Amino acid sequence: MRRADQLSRLGLGLTAPNPIVGAVVIDAAGELVGEGFHQRGDGGAHAEVNALAAAGNRARGATLVVTLEPCSHQGKTPPCVTAIIEAGITRVFYAVSDPVPSASGGAAQLMAAGIAVESGLLEAQVRFTNRAWLTKIQSNRPLITLKIAATLDGRIAAQDGTSKWLTSEAARSDVAVLRSECDAIVTGTGTYKADKPQLTVRGVTRTGVTAAFEPARIVIGLSDISAPEMIQLRTHDLNELIELSRKSGWNRILVEAGPTLISVLLRSALFDEIFLYQAPTILGAGATFASDLGINTLAERLDLDLIASEVIEGTPNNLRTHLVARRS
C-alpha cells in the first residue's frame with residue numbers, strides 16, 4: 001500500500017475533479033507485476049485499469065492493492081470493478097472507502113463475484129495524501145493551502161516595502177512543486193500590483209507523468225489590473241472564490257498573498273493548512289504575514305498542528321514547515 005500511496009501522489013494537481021489514486025498488482029509469488037495511477041480528470045484511465053494493463057496476463061490469480069475503493073459506476077470511464085473481475089484478480093486490498101454514493105459499492109460487487117476484499121490498510125496515511133479531494137467531498141469546497149514566505153520575526157517585506165527575495169532559489173523551486181500539486185493559485189490585487197508574481201509552475205517534472213501542470217491563476221480584489229493570463233475576481237467576497245472552485249471542480253487551491261487576504265482567511269478559519277517558508281533573517285520592522293486577527297488573549301489564539309519541518313538546502317538554507325488547522 002505504501003507503493004500505491006506513493007504512486008497516487010504523481011497525480012496531484014492533475015486529476016480534478018477526481019481523486020488521486022494509486023494501484024499495484026502482486027502475483028501469487030509476491031512479485032510486483034503492474035502498477036499505475038490516475039493521471040487525468042478528463043476521462044483518463046483509472047489507477048486500477050492502468051495497473052492491470054501493465055500486469056497483462058500476470059494479473060490472473062493476483063492481488064490488487066489500491067488506495068481508494070474501486071468504483072462501481074459508469075462515468076467517463078467504465079467501472080473499475082468490471083476490469084478487476086475480468087482480469088482474474090482474486091484478492092483486493094484498499095485503504096479508503098469511496099465517500100461518493102454514486103461511486104461506492106465496489107467492494108460489495110467484488111465480493112459478490114467471489115473476490116476476497118479487505119479495507120482500511122494504511123487508511124490514515126492514504127487519507128492524508130488524498131486530503132484535498134476528501135475535504136472537497138466532505139466540505140463542498142476545495143482544500144485551501146496558504147503559502148507564506150517570511151523571516152524569523154514573521155516579516156514578509158522590509159520597512160521600505162522591498163520583498164524580493166526573502167527566501168533562496170531552492171525554496172522558490174520547492175514552491176513551484178507545491179504549486180504543481182494544486183488546481184488553482186490565488187493572490188490579491190495588492191500583492192499583484194506590488195510584486196507582479198507570475199504564479200507559474202516552472203521546471204517541475206514527475207516520472208511517468210506526461211500531462212502538463214496548468215493550475216489556474218486568480219487575482220481577487222476590486223483594483224484594476226492588467227493580467228489577461230489570469231482570472232480576476234472583482235470582489236472581496238471569498239464566497240465567490242469558493243463558488244468558482246466548485247464550478248471548476250478544483251480539489252485544492254493555493255493562496256500566495258499579502259497580510260490582507262491571509263488575515264481574512266485566518267480570521268474566518270477558511271483555510272486548512274499552511275506551508276511556511278522561513279528564511280534565517282531578521283528585519284525587525286516591515287509588514288508581517290498577518291495583521292490584527294481580533295485576538296486579545298492567549299485563550300483566543302489560533303492553534304495549528306505541526307505536521308513536518310524540513311531544511312531546504314540552498315544559499316542560504318531555508319526551513320519549510322507544514323502545519324494544519326486544528327478543528328474542534
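Where does Ala-16 lie? I looked this up first in the predicted model. Ala-16 sits in the loop between helix 1 (2-8) and strand 1 (22-26).

**Entry: Ala-16 and its contacts**

I then listed what Ala-16 touches, leaving out residues up to four places away in sequence. The list is Gly-41, Asp-183, Gly-249, Trp-250 and Asn-251. I took the pair with Asn-251 further: 235 residues separate Ala-16 and Asn-251 in sequence, yet their C-alpha atoms are 5.8 Å apart.

**Entry: the chain as a whole**

I noted 10 helices and 13 strands in the protein chain. The radius of gyration is 22 Å, and the globule rule gives 20 Å for 328 residues, so I put the chain down as being as compact as a globular protein of that length. Along the principal axes, the C-alpha atoms fill a box of roughly 70 × 45 × 40 Å.

I looked up contacts in the protein chain with a separation of 6 or more; 72% of them come from residues 24 or more positions apart. Of the 328 residues, 50% are buried. I have the accessible surface at about 15600 Å², with 51% of it belonging to carbon and sulfur atoms. For charge, I found 31 positive and 33 negative, and the mean positions of the two sets are 2 Å apart.

**Entry: helix 3**

Which residues of helix 3 (residues 80-87) are buried? I found Cys-80, Val-81, Ile-84 and Ala-87. Viewed down the helix axis, the buried residues of helix 3 fall within an arc of 130 degrees, so they line one face. I wrote the general rule beside this: an α-helix has 3.6 residues a turn, so residues three or four places apart point the same way.

Next I checked what the buried residues of helix 3 pack against. The partners are helix 2 (47-55), strand 3 (63-68), strand 4 (91-96) and helix 4 (106-112). After helix 3 comes Gly-88, and I noted its positive phi, near 85 degrees.

**Entry: backbone oddities**

I kept one general point in mind here: most residues other than glycine have a negative phi, and most peptide bonds are trans.

I looked at two cis peptide bonds. One joins Lys-164 and Trp-165, with omega about -5 degrees. Trp-165 is placed in the loop between strand 6 (143-150) and helix 7 (169-180). Another runs from Thr-315 to Pro-316, with omega near 0 degrees. I located Pro-316 in the loop between strand 12 (304-312) and strand 13 (318-325).

I then turned to positive phi outside glycine. Leu-199 has phi near 55 degrees and is in the loop between helix 8 (189-195) and strand 8 (216-220). Ala-269 has a positive phi of about 55 degrees and is not a glycine either. I found Ala-269 in the loop between helix 10 (259-267) and strand 11 (273-278).

Is Leu-199 buried or exposed? I read a relative accessible area of 2% for Leu-199. Buried means under 20%, so I entered Leu-199 as buried. For Ala-269 I read 35% relative accessibility, which counts as partly exposed.

Notes: Residues are numbered from 1 along each chain as its sequence is written. This is a predicted model: local features need pLDDT of at least 70, side-chain atom pairs count only at pLDDT 80 or more; totals for chains, interfaces and linings use all residues. Side-chain values use heavy atoms; hydrogens and water are left out. Buried means under 20% relative accessible area, exposed over 50%, partly exposed in between (1.4 Å probe, protein chains only). Helices (H or I, at least four residues) and strands (E, at least two) are DSSP runs, numbered from the N terminus. The arc is that of the directions from the helix axis to the C-beta atoms. Contact means heavy atoms within 4.5 Å. The radius of gyration is taken over C-alpha atoms; the globule rule is 2.2 Å times the number of residues to the power 0.38. Accessible areas come from the Shrake-Rupley method with a 1.4 Å probe; for residues, only the protein chains shown count as cover. Lys and Arg count as positive and Asp and Glu as negative; His and the chain ends are not counted. The place of a charge is taken as NZ of Lys, CZ of Arg, CG of Asp or CD of Glu.
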